[in-house]
Amino acid sequence: MDSGAFPAVLPRRRFLAAGAAALAASALPRRSFASAPALPRPSPQQLAWQRDQRAMFVHFGINTFTNREWGTGAESPRLFNPTALDPHQWARAARAAGFRAMILTAKHHDGFCLWPSRLTAHSVASSPWRHGHGDVVREFVNACRAAGLGAGLYLSPWDRHEPSYGDSPRYNDFYCGQLTELLTHYGPLQEVWFDGANGEGPNGKKQVYDWPRYRALVRRLQPQALMFSDAGPDLRWIGNERGLAGDPDWSTVDPSVVPFPGASGPAVTRMLQHGDPNGSAWRPGEADVSLRPGWFYHPAEDARLKTVEELVAIYFGSVGRNAKLLLNVPPTPEGLLHHGDVDRLAAFQARLQYLFDQDLAVGGKLAWRGPVGELELANPAPLTLAVLQEAVELGQRVAAYRIEGQTLQGAWVGLSRGATIGMCKLDRFTAPPVRRLRLTIEATLAPPLPVRLAVYSA
Ligand code: FUL
């Protein structure tokens, strides 16, 4: 990206001061990056994580064998017996469909561990699967590595089996012990997924999770791993389980709004959905949703998969709003992804490839004059899609923009407009054939940098 080509200096962290002020400011001399106010920026790990765009969530465990969504913790480990478990099959399907990482439920709320934890007998070690010598987590991370996918693990703090749950200090030791096993035995993890569920313990006892301790442990044992929860600290839940980010969606947040997982209320939901342009912490959104109605596999849902159209809408509402998509595809009791799910993932990928087949702006090199970038299309076309990308490694800056096209008759027509952009903003529209494009940055939080624009006609 050619940053020197963009001389405008727009209002500072007052993103509402838009339009006219921005244009007037464009006459000011060029400023270097060094003069930009200190905007929060992503870590290299956060940047790489978001560039991946799509990860696959894998809900698998005792519920797969009881046909439930939430186990009670009283299930016999002997129920766990996948006949053909093959995480390489999951990884191949994920990879072929454009996913770059997978996250496995190493332990869900029922407490059953997919690895032979030394801290409980409630695990694969007590199951008939591989005569008690199997380790799903090991096979999972091996498959991720073989396919070049990032590996992440979900370790539910809520544990309906563990007797110490509710006896807060004792359970926190137990939980940290399990975290330590996962963080030290399986190589580097890209993401540690903390669910916020906090049900009652035996006799109604309330478990108080020691979040500062859990976080410090992850930081110490795997400093490069990113921690997800509604309170981050590195990645934030998007605030719903429909895979949809808010619009706008800032990657910055005010951490005091959700200091620890479990906070709720309108201010919390707003923050999760939209972030906060004035927030001090970089905490991009992750939008989770299941391909099926449930998170775990249920045969009765084989014909109830999201359609390709629904998946594309989710993609536009997550990746296309500056978030990352985490799409759940749960394995069957055999331990394989259902062929219908694999086919649906492939069809989803094929549709995206069709939609984003040929960038008619070829590389998006706009000629910038102040906050206005223009570009001539080699071939006039009726555009349907625009992809905007900010150089977020230097902070998320754009607070308002609009795209216009010049028709063959010479008139300028509006194609789309929006608030922030971030790593990726996708706009869909219908328009007559246009021969020139104009992108106007109407407001920013800091001196703007060039924005990349790609356009498609599908
Ligand atoms: C929720 C859990 O209760 C669901 O079972 C599922 O794991 C979902 C992703 O998170 O909090």
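These are my notebook entries on the sheets, the aromatic rings, the charges over rings and the cysteines of a predicted model.

**Entry 1, the barrel.** I began with the parallel strands and followed their pairing, and I found that eight strands close into a barrel in the order E1-E2-E3-E4-E5-E6-E9-E10. I then looked up the angle between neighbouring strands of this sheet, which is 25 degrees on average when direction is ignored. For one pairing in detail I took strand E5, residues 226-229, and strand E6, residues 235-237, which pair in the parallel sense over two bridges; here Phe228 stands opposite Leu235 of E6. I also noted that helix H4, residues 87-96, packs on the sheet, where it touches strand E1 (54-58) and strand E2 (101-107). The direction of H4 makes about 145 degrees with that of E2.

**Entry 2, the open sheet.** Next I turned to the antiparallel strands, five of which form an open sheet in the order E11-E12-E17-E14-E15. Which strands stand at the edges? They are E11 (367-369) and E15 (412-418), and each has a single partner strand, so one side of each is left without a neighbour in the sheet. Neighbouring strands of this open sheet are turned against each other by 25 degrees on average, direction ignored.

**Entry 3, strand E14.** I stayed with E14, residues 398-407, and looked up its partners in turn. Nine bridges join E14 to strand E17 (residues 433-444), and the two run antiparallel, with Thr407 standing opposite Val434 of E17. Six bridges join E14 to E15, again in the antiparallel sense, and the bridge partner of Gly405 in E15 is Val413. The hairpin of E14 and E15 has four residues between the strands, and in this hairpin Gly410 takes a positive phi near 100 degrees. I then asked how many of the ten residues of E14 are buried. Nine of them are, so E14 is largely enclosed by the rest of the structure.

**Entry 4, aromatic rings.** I counted the ring pairs, and the total comes to 28 aromatic pairs. Among them I looked up Tyr175 and Tyr214, a tilted pair with 4.6 Å from centre to centre and 45 degrees between the planes. Tyr175 lies in helix H6 (residues 168-185) and Tyr214 in helix H7 (residues 211-221), so this pair ties together parts that are 39 residues apart in sequence. Both Tyr175 and Tyr214 are buried. Following the ring pairs further, I found Tyr175 and Tyr214 in a cluster that also includes Tyr165, Tyr171, Phe174, Phe194, Tyr209 and Trp211.

**Entry 5, charges over rings.** I looked up two arginines that lie over aromatic rings. The charged end of Arg54 sits over the ring of Phe348, at 5.7 Å from its centre. Arg438 lies over the face of Trp412, with 3.9 Å to the ring centre.

**Entry 6, cysteines.** I searched for disulfides and found zero in the structure. Why does Cys113 form no bond with Cys176? The closest cysteine sulfur to that of Cys113 is in Cys176, but it is 14 Å away, too far for a bond, given that a disulfide needs sulfur atoms within 2.5 Å. Seen from Cys176, the closest cysteine sulfur is in turn that of Cys113. I also checked how enclosed the two residues are: Cys113 is buried, with a relative accessible area of 0%, and Cys176 is buried, with a relative accessible area of 5%.

Notes. Residues are numbered from 1 along each chain as its sequence is written. This is a predicted model: local features need pLDDT of at least 70, side-chain atom pairs count only at pLDDT 80 or more; totals for chains, interfaces and linings use all residues. Side-chain values use heavy atoms; hydrogens and water are left out. Two strands pair if DSSP finds at least two bridges between them. Axes are lines fitted to C-alpha atoms, for helices over the stretch in contact, and angles run from 0 to 180 degrees between N-to-C directions. Contact means heavy atoms within 4.5 Å. Rings of Phe, Tyr and Trp (its six-membered ring) pair if their centres lie within 6.5 Å; planes under 30 degrees apart count as stacked, over 60 as edge-to-face and the rest as tilted. Buried means under 20% relative accessible area, exposed over 50%, partly exposed in between (1.4 Å probe, protein chains only). A charge sits over a ring if NZ of Lys or CZ of Arg is within 6 Å of the ring centre and within 35 degrees of the ring normal.
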